[in-house]
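Work through the exercises below with the sequence and the model side by side. Each task is followed by a solution in steps.

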Amino acid sequence: MKVTIIGTGYVGLVTGACLSEMGNHVVCLDVDAKKIQVLNDGGIPIYEPGLKEVVQRNVSAGRLQFTTDVPFAVNHGTLQFIGVGTPPDEDGSADLQYVLAAARNIGRYMTDYKVVVDKSTVPVGTADKVRAAIKEELAKRDKQVDFAVVSNPEFLKEGAAVEDFMRPDRIVVGADDERSVLLMRALYAPYIRSHERLLVMDVRSAEFTKYAANSMLATRISFMNELALLAEKVGADIELVRKGIGSDPRIGYQFLYAGTGYGGSCFPKDVNALMRTGKEYGIDLKVLNAVDRANQHQKTVLVEKVVARFGNDLTGRRFAMWGLAFKPNTDDMRDAPSRDVIQALAERGATIVAYDPVAAHEAERVLGHVKSLQIVDNVATTLEGADALLILTEWREFKSPDFDQIKRLLKQPVIFDGRNLYEPALMRDLGFDYLGIGRGTAQLKPAE
C-alpha cells in the first residue's frame with residue numbers, strides 16, 4: 001500500500017518505519033528541512049531501540065523515503081497519517097495548529113480519494129475539525145474529492161515503540177466510512193494475523209480512548225506514589241505492598257512502581273488535556289485533578305529527603321545524579337522529574353554532577369541554563385567527592401553497580417533512590433544510609 005506520514009517525530013517516524021517493514025511504500029513528510037536532511041544522511045533524530053536498523057533497512061530497500069515536498073507527499077499515499085506534535089497550549093489544552101496545518105495541506109493538493117488518519121494524540125472532536133479544514137481547502141479549489149477521516153491513536157511506549165508497533169496488544173480504529181475501515185484492516189492485517197486485535201468504533205470514542213488509557217495509567221502511578229508516602233510513615237515497605245496487591249489479577253503489576261513521579265511527552269500532557277476537555281463540557285474531573293497534583297508533589301519528594309538529611313542551605317554540597325531521562329531506553333527529557341530535582345537543588349546552592357547513558361545531549365539542551373549542573377560521561381566521575389548519590393532513572397547499568405566503588409568515592413555513603421532499585425536490608429548491611437521511596441523501616445525480628 002502507498003502511505004504518507006506527515007511528521008517525522010516520535011510517532012510519525014516509528015509509524016512510517018514499521019509500516020514500511022511490512023512491504024508498504026512509505027513517504028515521510030516534514031517541514032523541518034534539517035530533520036529530513038539528517039534522515040536522508042542515515043541519521044535518526046530520536047533515540048529508540050531498534051528504530052535505526054528498521055529505518056536503514058527499508059530506506060535501502062526503497063520502501064521508505066523522506067521529503068519536504070508537500071504536493072509529492074500528498075499525492076503519494078492513499079492513506080495520509082497525521083503524526084505531528086500536539087503540545088500543550090497555555091490553558092493545558094492540546095495545540096492543534098500543526099494537525100490542522102497538515103489537514104489543510106492535504107485538502108490543498110489532493111486529487112483522489114484519501115483516508116486521513118489522525119495518529120497524533122488529539123482531543124475528542126478533532127476529526128470534525130480536520131474534516132472541515134480539508135473541505136475548506138477543496139472549496140477554495142472548487143473541487144469535489146471524496147475522503148474519510150479516521151482516528152487511529154498510537155499506544156507506543158517510549159523505549160519499546162518498535163516492538164509495540166510490530167506486536168500490538170490492540171489497534172483502535174475510529175471510523176464512520178466502510179471503505180476506510182477496509183483499507184485500515186488491510187494495512188494492519190500483517191500485524192495481527194495470529195489474533196484479532198483491531199477494534200473498530202466511532203471516531204469520537206477512538207479519540208477518547210487514547211486519553212482515557214493514559215489517564216488511567218497515570219492514576220495508578222500517582223495512587224502508588226501517595227501510598228508510598230504513607231508507607232514510610234507507618235513503617236511498611238511499598239515494594240512488598242506492590243507485590244501483594246499486584247498478585248490480584250484484577251489489579252496486576254504494571255504501573256504500580258512508586259518513584260519520583262511520571263513525566264515524558266504523554267502522561268502530563270494528556271492528563272491536563274482531558275481535564276481541560278472536562279471543563280469545556282462542565283465536568284470537573286476530580287480524580288484526574290488529584291492525580292496531577294499528586295504527581296507535581298511527588299517530583300519534590302526526593303528533594304525533601306535531601307533537605308531533611310543535609311539542611312535547606314546546600315551551598316558547597318555536591319550531589320551525584322544517575323539518570324536524567326524520564327524513563328530508561330529513551331533520551332526524552334520532557335517533564336522528566338530530574339529537571340525539577342536539579343532545579344530545586346541548584347536553587348539551594350548545590351552542585352550536581354550527572355550521568356545518563358543516552359540523554360546527555362538532550363539534557364544539556366534543556367538544562368543548559370543551570371550553571372551548577374555538570375553532565376559527565378561515566379558514573380565514577382559523578383561520585384568523586386559527592387555528598388550523596390541520587391538515582392532518578394532506572395537504567396539497567398544502575399541495577400547492579402559496584403557498591404564498593406560508590407562507597408569509596410562518595411564523601412559519605414548516602415544514596416537517595418528515586419526508583420527503589422536496591423533492597424534496604426542489603427544496603428544497610430553494606431553500610432549505606434539508604435533512602436528510597438516508601439520503603440519504610442519494617443524488619444524481620446530474629447527467631448527466639
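A residue is called buried here when its relative accessible area is under 20%, exposed when that area is over 50%, and partly exposed in between. The model is a predicted one.

**Exercise 1. The faces of a strand**

Task: Determine which way Ala388, Leu389, Leu390 and Ile391 point from strand E12, and whether they are buried or exposed.

Solution.
Step 1. In a regular strand, side chains alternate between the two faces of the sheet.
Step 2. In E12 (residues 388-391), Ala388 and Leu390 point one way, while Leu389 and Ile391 point the other way.
Step 3. All of these residues are buried.

**Exercise 2. The neighbours of E12**

Task: Find which residue is the bridge partner of Phe319 in E12, and which residue in E13 stands opposite Leu389.

Solution.
Step 1. Strand E9 (residues 318-322) runs parallel to E12 and is joined to E12 by four bridges.
Step 2. Within that pairing, Phe319 has Ala388 as its bridge partner.
Step 3. Strand E13 (residues 414-417) also pairs with E12, in the parallel sense, over three bridges.
Step 4. Here Ile415 of E13 is the residue opposite Leu389.
Step 5. To get from E12 to E13 the chain passes through helix H17 (residues 403-409), and this β-α-β crossover is right-handed.

**Exercise 3. The whole sheet**

Task: Give the order in which the six strands form the open sheet, and state the sense of the pairing.

Solution.
Step 1. The order is E11-E10-E9-E12-E13-E14, and the pairing is parallel.
Step 2. Strand E11 (373-375) and strand E14 (433-435) are the edge strands, each pairing on one side only.
Step 3. From one strand to the next, the twist averages 20°.
Step 4. Strand E10 (residues 351-355) pairs with E9 in the parallel sense over five bridges.
Step 5. Arg318 has Thr351 in E10 as its bridge partner.

**Exercise 4. A residue in an edge strand**

Task: Place Leu435 in the secondary structure, and classify its accessibility.

Solution.
Step 1. Leu435 belongs to strand E14.
Step 2. Its relative accessible area is 23%, so Leu435 is partly exposed.
Step 3. Between the C-alpha atoms of Leu435 and Arg179 there are 58 Å in space, and the two residues are 256 residues apart in sequence.

**Exercise 5. Helix packing around H9**

Task: Classify the packing of H9 against H12 and against H11.

Solution.
Step 1. Helix H9 (residues 203-234) packs against helix H12 (residues 286-298) at an angle of about 55°, and their axes are 9 Å apart.
Step 2. H9 and H12 are therefore oblique to each other.
Step 3. Their crossing, that of H9 and H12, is left-handed.
Step 4. With helix H11 (residues 267-280), H9 packs at an angle of about 115°, with the axes 9 Å apart.
Step 5. H9 is thus roughly perpendicular to H11.
Step 6. The crossing of H9 and H11 is left-handed.

**Exercise 6. Cysteines**

Task: State how many disulfides the structure holds, and explain why Cys266 has no bond to the closest cysteine sulfur.

Solution.
Step 1. The number of disulfides is zero.
Step 2. Cys18 is in no disulfide, and its nearest cysteine sulfur, that of Cys28, is 11 Å away.
Step 3. Cys18 has 0% relative accessibility and so counts as buried.
Step 4. For Cys266, the closest cysteine sulfur is in Cys18, and because 16 Å separate the two sulfurs, they are too far apart for a bond.

**Exercise 7. Positive phi values**

Task: For Asp142 and Asn329, give the phi value; then locate each residue and classify its accessibility.

Solution.
Step 1. Asp142, a residue other than glycine, has a positive phi near 55°.
Step 2. The loop that holds Asp142 lies between helix H6 (126-140) and strand E6 (147-151).
Step 3. Asp142 counts as exposed because its relative accessibility is 70%.
Step 4. Asn329 is not a glycine either, yet its phi is positive, at about 65°.
Step 5. Asn329 sits in the loop between E9 and helix H14 (337-347).
Step 6. With a relative accessible area of 32%, Asn329 is partly exposed.

Definitions and conventions
Residues numbered from 1 in each chain as written. Predicted model: local features only at pLDDT ≥ 70, side-chain atom pairs only at ≥ 80, totals over all residues. Heavy atoms only, no water. Buried < 20%, exposed > 50% of the residue type's maximum accessible area, 1.4 Å probe, protein only. Helix = DSSP H or I, 4+ residues; strand = E, 2+ residues; numbered from the N terminus. Pairing = 2+ DSSP bridges. Right-handed = clockwise from strand over helix to strand, strands pointing away. Disulfide = S-S within 2.5 Å. Axes fitted to C-alpha atoms, helices over the stretch in contact; angles between N-to-C directions. Parallel < 35°, antiparallel > 145°, perpendicular 65-115°, else oblique. Left-handed = near helix turned anticlockwise from the far one by under 90°.
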